[in-house]
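Welcome! Take a moment to turn the structure around on your screen, and then let us walk through it together, one sheet at a time.

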Amino acid sequence: MDGLRPNAQRPPWQNLGPDRIGQINNQWNTAIGNHFNNFNVNNWNNLHPDRAGYWNGWADGVRRNWATTLPAYRPWFNGSWWASHPIHHGYWHYGYMNRPWRYWWTVPTWAAVTSWFPSYGWSDNGYYYDYGTGGNVVYQDNRVMCDGEDVGSAEEYSQSAADLAAVDPPADDQAAADSEWLPLGTFGLSTSKDDTDLTRVLQLAVNKQGVVSGTMYNTKTDATYTLQGRVDKQSQRVAFSVVDRPNSVIETGLYNLTQDDAPALIHHGNNKTEQILLVRMEAPEDTSQEF
């Protein structure tokens, strides 16, 4: 990765100025503060067991299909797989060369995440984002409602996610190599309850600066893509996109990524948003074998 590195990449549809982005973020954080109990994961799930059941039922359908169609060892993101799938544009790529491949399948606890960011002042219970009808983040009449509180238009909200996903690359290879990474694990991406085929697999990690990096693998085409984005330290909102292809932005909450079922959104431009679920994959069963 010699030569001049590019600046943070924003899609052409991300045209809001920093002042308006700041206003939306402030409205979002204010709404969460006003409705803290409905973003506290324990309180939300206790009060809305139907929502927890909804996501778990969706995820179980995906996992049942995987169990009958996938090889038990799940031959991705291991030593031999990385050797045949080199990283392209991995400016902030997590240091998979410096750790055993199994490390990156680790499931983080929320306690581990709060310890990773000691200066952020996060509580023992993180913010849980539940998207869609019945959840705490809902699209209504082209507005985004945070537990019933209007935080901005759908277009503005998508653009704020794109802004969060835009990350400046490290100054040089040494800066990238020196960065420490906490693994967030490996997920299959499902776009609906009927989407139980494993087409896209994501492995993610976050560094001490809140930069998210990872790899997306298309199991049908055998193509790999580098992911990068950021965590917002106030809202715990996470957004990331494919390097060099920033037009589609995935967003979720950092707490969501510590769970087995992580509700999320994909923003395809500023006029189309898709509700998805990231379903955690278990590490390969035979952990004694180097594939």
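**A walk through two sheets and their helices**

Let us begin with one pair of residues: Met 145 has Asp 150, in strand β3, as its bridge partner. Keep in mind as you look that this is a predicted model.

That pair belongs to a longer stretch of pairing, in which strand β2 (residues 143-146) and β3 run antiparallel to each other and are joined over 4 bridges. Strands in a sheet pair through backbone hydrogen bonds, and they can do this in a parallel or an antiparallel way. Step back a little and you will find an open sheet of 3 strands, in the order β1-β2-β3, with antiparallel pairing. Which strands stand at the edges? They are β1 (137-140) and β3 (149-153); each has a single partner strand, so one side of each is left without a neighbour in the sheet. From one strand to the next, the twist of this sheet averages 30 degrees.

Now look for the helices that meet this open sheet. Helix α1 (residues 18-34) lies across β1, β2 and β3, and it runs at about 165 degrees to β3. Helix α6 also packs on the sheet, where it touches β1, β2 and β3, with its direction at about 75 degrees to that of β3.

Next comes the other sheet, a closed barrel of 8 strands that runs β4-β5-β6-β7-β8-β9-β10-β11 with antiparallel pairing. Here the twist from one strand to the next averages 30 degrees. Strand β4 (residues 181-190) pairs with strand β11 (residues 273-280) in the antiparallel sense, over 4 bridges. Within β11, Arg 280 is the bridge partner of Phe 187.

Helices pack on the barrel too. Helix α3 (residues 49-69) touches β4, β10 (261-268) and β11, and its direction makes about 60 degrees with that of β11. Helix α6 (residues 154-165) appears again here, touching β7 (223-231), β8 (237-242), β9 (245-253), β10 and β11, at about 75 degrees to the direction of β8.

Let us finish with α6 itself. This helix has 12 residues and reaches 17 Å from its first C-alpha to its last, close to the 16 Å expected at 1.5 Å a residue. Is α6 largely enclosed or largely open? Of its 12 residues, 11 are buried, so α6 is largely enclosed by the rest of the structure. Among the buried residues of α6 are Ala 154, Tyr 157, Ala 161 and Leu 164, and also Glu 156 and Asp 163.

Methods: Residues are numbered from 1 along each chain as its sequence is written. This is a predicted model: local features need pLDDT of at least 70, side-chain atom pairs count only at pLDDT 80 or more; totals for chains, interfaces and linings use all residues. Side-chain values use heavy atoms; hydrogens and water are left out. Two strands pair if DSSP finds at least two bridges between them. Helices (H or I, at least four residues) and strands (E, at least two) are DSSP runs, numbered from the N terminus. Axes are lines fitted to C-alpha atoms, for helices over the stretch in contact, and angles run from 0 to 180 degrees between N-to-C directions. Contact means heavy atoms within 4.5 Å. The expected span of a helix is 1.5 Å times one less than its number of residues. Buried means under 20% relative accessible area, exposed over 50%, partly exposed in between (1.4 Å probe, protein chains only).
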